[in-house]
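Trainee: Got a minute to go through this model with me? I'd like to start with the packing.
Mentor: Sure, pull it up.

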Amino acid sequence: MNDVPMLLPAILVLHAAVAVLLPPLAGRFGARVFLLAALPPAAAAVWALAGVPRILAGSPPQASIPWAPALGIGLDFRVDALALAMVLLVSGVGAVIFGYCAAYFHAGERGLGRLAAIMVLFAGSMLGVVTTDNLFALYVFWELTSITSFLLVGHDDRKEHARRAATQALVTTTGTGLLMLIGFIMLGAAAGDYSISGLVADPPEGGPWLTAALVLVLVGAFAKSAQVPLHFWLPGAMIAPTPVSAYLHAAAMVKGGVYLVARLAPGFAEAGAWQVLVLSVGLATMVVGGWRALRQDDLKLLLAYGTVSQLGFLTLLGGAGTQVAATAMIGVLLAHGLFKSALFLVVGIIDHQTGTRSISRLSGLGRRMPVLAAAAGLAAASMAGLPPLIGFPAKEAALEAFMPSAAPAPPAAAAWAVLAGVAVGSVLTFAYSARFVWGAFSDKSTVAERPSEPPAAPFAAAPVALSAASLVLGVIPWAVDGLAQGYAHALPAGPKPYHLALWHGLTPTLLVTALVVAAGVLMFLRRRAVGRLQNAMPRWPDAEYGYHMFVHGVYTAALSVTRRTQSGSLPVYLGIILATILVLPGARLAAGLATGGIDVPGPGEGLRLWNNPLELVVAAVIVVTSIATLREHRRFPALILLSVLGFGMAGLFVLHGAPDLALTLVLVETLTTIILVFVLRRLPTTFSVRPDGWPKRLTVLLCTAAGTFIAVSLWLMTAARTHPPISTGYTDLAKKAGGSNLVNMIIADFRALDTLGEVVVVATAAVAVASLVLLNRRDRVVDEPAAENAAEAPKDRRSDEEDPEPPGTGALALPRHPAGPESLGAEPSGQDPAREAGGADADEGSDDDR
Amino acid sequence: MTAPGLLMVAAVAVLYSTGFYLLLQRSLMRVVFGIVILGHAANLSLMLTDRAITLPPLLTGKEGAISDPLPQAMALTAIVITFGVTTFLLALAYRVWLGDANDEVPADLEDRRIGRLSEPEDQS
């Protein structure tokens, strides 16, 4: 059997292909499409079973599809014993549930094709999660399960509850998933390897970084596996159709976190905060989930809290890091997948046949549906840990793992505490298992029986098959044990090997089990007293309330940040950008200068004042005119100063050996000045002046600092240059091409395409300018009545503003429209009308000039 | 190691500072002035990356060190683009003035409205 081909990538593709086919087929075949949907998971399960001998012999099938090899990202697959157990759960149980769906849904169900397609996509993603060997691929598949789960929980998208529950599940799992990704990157960077098997085989050195990385990864895993205090999304997600809950929230998705914990445990169980976190969180989850399961009236919610409890149990076992615990973990993993999905399916049938799943409205079902009751009884017995079901040897192994006599074990005190916690959790599990069977099937004298039909045989087949599997595996626990040992051998061994078995002799563990059963029976019999006790207990702080507080807090914080930063004022926004430049790269520059990390040119190594003393004259012109432009509040003098500044720049270019630039700049400056004159002529003669004061002084300070920062960086960067300019090759090229002006050659030949782009920019600007100016004139001809509205409109728009409108705006705007199209010059701008005569033509003239 | 002359570096600092200051004004015309000055500042910065050799990049047969032509070509392009941007902004300023009878940049009212929200519009 060593030659089972590595079909896994093909099977994943099959999932995607079938998912695409399902929606169109659903219209024609109704719920029967689920039989087709069952094919890919069934294929995966069969493939996995065929590979069992090879995998247990220690040669896991591997495949690798490169994705971004340079970044360590690849679709690597590796199916070892742990992955095999998960594949059997995800795909094997998945195939059974898909078969059940074919009987559960009616042909008229809304969005049936979509539901089937997403479920298959989910099955494929989950298969990817448990088989991939690359941290990044794991993250991608992980989030795919979150997204498909979101769509499945929110299947009934017309219900607000469903949408809200779906969003809550998505926010919780993807939000913490991001933290997990950070943890992955930290782990991978520390180890220099993003393959999971490599990471576990050769974990990076311990230290605060490793601890932080592991905590981040664990937070992601805990949220996915609904651990306290992030468990709240799971009961909420019960709004999903029952088969979806049976699949996602019992067998597959919620096991993702447990799987990750178990996957990393062989490498990291000894590290940092791992043990403390895993043991305390797992224990708390186990007890809290069990306690809350006891008070549920809705059978499905009872199972949901039971699942929370069992997931805590699994986390505890998976993370403990001993061989016995790992053996128990595989046992409980498979047992839980079988019994919990069977129970969910039973609830689905009850709901389907009677229309309710409330304990207080169900009575007498045991008599009318004996087969179903028997199946549920078996599954519940497995959940409670009774022999000869698979739940029993698994729970025995779990108790054994924390017997203080077992070595290597946690310190004795911790072992006692964990053992006591597991025992309490088991008592609660027993009690709610009993409560489930009693609540669903017993005759209750106080409840009227509802008319109902027993389910059809194919419908009941799925839970019966799953329960039967619980029984068969319980009778032959060595079948599971092979798998468990295949995973557990990587962990530190105890003094003697431990195997899953029904009978270990009269051990202390058996005594504990007996005590647990006795206490559980007592708790069930005194359920009224337990109920009163639960009601008397103060309500614990609700984790869901915490979630809402968190969401509300994020919203409020976002609003307050928006309020502070979104002032709506352009100068403030630009100022923030400038300040950011100063704070981030500026602080780095200052730090570099202070620590000497940046070379500063000293005397003799390039420090000099000027190349040419004439620069002094030009620089004086530039500095004086630019500062004067700033201080000038009359428009025309400011324009003149700007113009002088431009010609000063041209002079500087001459000094710098750039005659082409000087020539171009002189032309451009002349044109710009002319255009500015034409526009300024219409505008008020002075700019509005900002009052002197702190805001203004602050602005001056900010701008000076930013300008200085840029100039200093420029100075240092140019000084740090080591390579010769790339343009040295152009000399020969120009000679070959027969040109002598290098700048011209670059513009017109070497980089001609860039120049074409430049021409396009200028042409676009010309078109835009023409349309801006001309559009206005047409308005006045065609749309005269609209001018009255136009006169009102600005008023409305500005009415909310703080600055009061300058008086007379309306009056200024009104007389505009009677003016003819030609008399654009007759603007009520308060300027000399005589000078306006050629205004319109001149504006267009400026366009033509370009 | 060759660094540009400190005098020119100071000129760049002044140009950037005044350009930024004008950019932060409310009057659109001063904003346009600011962009013109920032254009000058950027062109001068480009020129300073040259090793500051003062012979024009012309192959006149005279062998010897010449200025780096690449920053010059880039500055030339930048000058023309700045011109295009400037005229476009001027046309915009003109339009704004036609509509509002002043050339000030008003505050964005939508931003203010968002800032005034205090309660989530939709809790779900």
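Trainee: Which residues touch the most other members of the largest nonpolar core?
Mentor: A:Ala85, A:Val87, A:Ala116, A:Met119, A:Leu317 and A:Leu343, out of 210 residues in that core. A nonpolar core here is a set of buried Ala, Val, Leu, Ile, Met, Phe, Trp, Tyr and Cys residues joined through C-beta atoms within 7 Å. Buried needs 20 or more other C-beta atoms within 10 Å of the residue's own, with C-beta atoms placed from the backbone.

Trainee: Where does that core lie, and why?
Mentor: Domain 1 (10-268) and domain 2 (273-525) of chain A both give residues to this core, so it lies between them. The domain bounds come from an automatic or database domain assignment.

Trainee: How far should I trust this, and how is the numbering done?
Mentor: It is a predicted model: local features need pLDDT of at least 70, side-chain atom pairs count only at pLDDT 80 or more, and totals for chains, interfaces and linings use all residues. Residues are numbered from 1 along each chain as its sequence is written, while chains are lettered from A and ligands numbered from 1 in the order in which they are written.

Trainee: Back to A:Ala116. What is it in contact with?
Mentor: Leaving aside neighbours within four places in sequence, A:Ala116 is in contact with A:Leu22, A:Ala26, A:Val33, A:Phe34 and A:Ala37. Contact means C-beta atoms, placed from the backbone, within 7 Å.
Mentor: Apart from the largest core lies another, of 88 residues, including A:Leu742, B:Leu7, B:Leu15 and B:Leu46.

Trainee: Now the two domains. How far apart are their C-alpha centres?
Mentor: In chain A, the centres of domain 1 and domain 2 lie 23 Å apart. Domain 1 puts 43 residues into the contact and domain 2 puts in 48.

Trainee: Which helix gives the most on the domain 1 side?
Mentor: H5(A), with twelve residues. Helices are DSSP runs of H or I, at least four residues, numbered from the N terminus. That side divides into 34 nonpolar, eight polar and one charged. Ala, Val, Leu, Ile, Met, Phe, Trp, Tyr, Cys and Pro count as nonpolar, Asp, Glu, Lys and Arg as charged, and the others, Gly among them, as polar.

Trainee: And chain B? How many of its residues are in contact with chain A?
Mentor: 89 residues of chain B, against 104 residues of chain A. H3(B) gives the most to the chain B side, with 26 residues. By class, that side has 57 nonpolar, 22 polar and ten charged residues.

Trainee: Last one. What share of chain A is buried?
Mentor: 46% of its 850 residues.

Note on methods
Contact = placed C-beta atoms within 7 Å. Helix = DSSP H or I, 4+ residues; strand = E, 2+ residues; numbered from the N terminus. Buried ≥ 20, exposed ≤ 12 C-beta atoms within 10 Å, placed from the backbone.
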